[in-house]
Amino acid sequence: MRTGNLMHGGVAISCPHGGRVVSTAAAGTGVRIDGMPAVTAADLFTVSGCPHSVGGHRQPCTTVRWTPSGGGDEVRIDGVPVLLDTSAAMCFSAGLVPQGPPVVAPGRQGVASR
């Protein structure tokens, strides 16, 4: 069983190069954590402001893909796994080149409500 804090739409996430990660909540489930929408594996995550370059060519992070804990024991909302601050993830460039894991800012544990 994986442990960690539930993530919500207000959590601060960045790519490994300092770009800002923003979640675009999928269809609102109505579940809130500290007043913010809960973040699930169905949400889309975009990166803006990544300065990464390779060999003098810009190759910024543009998206983040998360892998829920798996094993069937994860918390779910409407059948979709919620994301924890310890969930595995990878940032990708527009060409789908892996760029490294995102950085989730430490925060206080959220309280879920519906």
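This passage looks at the nonpolar cores of a predicted model and at the strands around them.

A good place to start is the largest nonpolar core, which has 15 residues. Within this core, the members that touch the most others are Met7, Ile13, Phe45, Val47, Val64 and Trp66. At least two core residues come from each of the strands E5 (44–48), E8 (61–67) and E11 (88–93), and E8 gives the largest share, three residues. Leaving aside residues up to four places away in sequence, valine 64 is in contact with Val21, Phe45, Val47, Ala89, Met90, Cys91 and Pro102. Another core, of five residues, lies apart from this one; among its members are Val31, Ile33, Ala38 and Val82.

Strand E5 shows two faces: Phe45 and Val47 lie on the covered one, while Leu44, Thr46 and Ser48 lie on the uncovered one. In a regular strand, side chains alternate between the two faces of the sheet. Strand E2 (residues 20–24) can be read in a similar way, with Val21 and Ser23 on a covered face and Arg20, Val22 and Thr24 on an uncovered face.

These two strands, E2 and E5, are antiparallel partners joined over five bridges. Following the pairing residue by residue, threonine 24 has leucine 44 of E5 as its bridge partner, and serine 23 has phenylalanine 45.

E2 also pairs with strand E1 (residues 13–14), again antiparallel, through two bridges. Here isoleucine 13 of E1 stands opposite valine 21 of E2. The two strands make a hairpin with five residues between them, and in its turn glycine 18 has a positive phi of about 100 degrees.

Notes. Residues are numbered from 1 along each chain as its sequence is written. This is a predicted model: local features need pLDDT of at least 70, side-chain atom pairs count only at pLDDT 80 or more; totals for chains, interfaces and linings use all residues. Side-chain values use heavy atoms; hydrogens and water are left out. A nonpolar core is a set of buried Ala, Val, Leu, Ile, Met, Phe, Trp, Tyr and Cys residues joined through side-chain atoms within 4.5 Å. Buried means under 20% relative accessible area, exposed over 50%, partly exposed in between (1.4 Å probe, protein chains only). Helices (H or I, at least four residues) and strands (E, at least two) are DSSP runs, numbered from the N terminus. Contact means heavy atoms within 4.5 Å. Two strands pair if DSSP finds at least two bridges between them.
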